[in-house]
Amino acid sequence: MVRVVGDIFLATATISYAGPFTGVFRDKITAQWIAKLSEYKIPCSDRYRLRNTLGNSVEIRNWAIKGLPSDTVSIDNGIMTVRS
């Protein structure tokens with residue numbers, strides 16, 4: 001529960017800002033956000049992933065069955081579409 005605030009911040013920032021960008025850029029900006037959280041002593045997961053915070057494994061599996069690629073960018077796009 002300690003990491004909830006940081007993880008929710010990262011999820012919110014990802015949905016609000018990072019959506020239209022490439023996976024490489026998303027990784028870079030997320031690393032910068034994590035550095036800022038660390039600077040302000042706000043804990044977050046060591047290996048943050050949007051799918052771990054807002055993803056639903058059953059829903060993600062259904063997407064894969066229907067043809068969505070299983071790469072991180074595609075899954076994150078699906079989460080952002082459903083959750084925004």
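**Aromatic pairs and the surroundings of Asn77**

Three aromatic pairs turn up in this predicted model when rings are paired by a 6.5 Å limit between their centres. One of them joins tyrosine 17 to phenylalanine 21, with the ring centres 5.5 Å apart and the planes at 40°. That angle is neither under 30 degrees nor over 60, so the pair goes down as tilted. As for solvent, tyrosine 17 is partly exposed, at 42% relative accessibility. Phenylalanine 21 is also partly exposed, and its relative accessible area comes to 32%.

Phenylalanine 21 has a ring partner in phenylalanine 25 as well. Here the centres sit 4.6 Å from each other and the planes make an angle of 50°, which again gives a tilted pair. Phenylalanine 25 has a relative accessible area of 30%; this value falls between the 20% and 50% cut-offs, so the residue counts as partly exposed. Put together, Tyr17, Phe21 and Phe25 belong to one aromatic cluster, and Trp33 is part of it too.

Then there is asparagine 77, which is found in helix H5, the stretch covering residues 72-83. Asparagine 77 is partly exposed, with a relative accessibility of 31%. Leaving aside residues up to four places away in sequence, asparagine 77 touches Gly19 and Arg26. How far apart are the C-alpha atoms of asparagine 77 and phenylalanine 25? The separation is 14 Å, for two residues that lie 52 residues apart along the chain.

Notes: Residues are numbered from 1 along each chain as its sequence is written. This is a predicted model: local features need pLDDT of at least 70, side-chain atom pairs count only at pLDDT 80 or more; totals for chains, interfaces and linings use all residues. Side-chain values use heavy atoms; hydrogens and water are left out. Rings of Phe, Tyr and Trp (its six-membered ring) pair if their centres lie within 6.5 Å; planes under 30 degrees apart count as stacked, over 60 as edge-to-face and the rest as tilted. Buried means under 20% relative accessible area, exposed over 50%, partly exposed in between (1.4 Å probe, protein chains only). Helices (H or I, at least four residues) and strands (E, at least two) are DSSP runs, numbered from the N terminus. Contact means heavy atoms within 4.5 Å.
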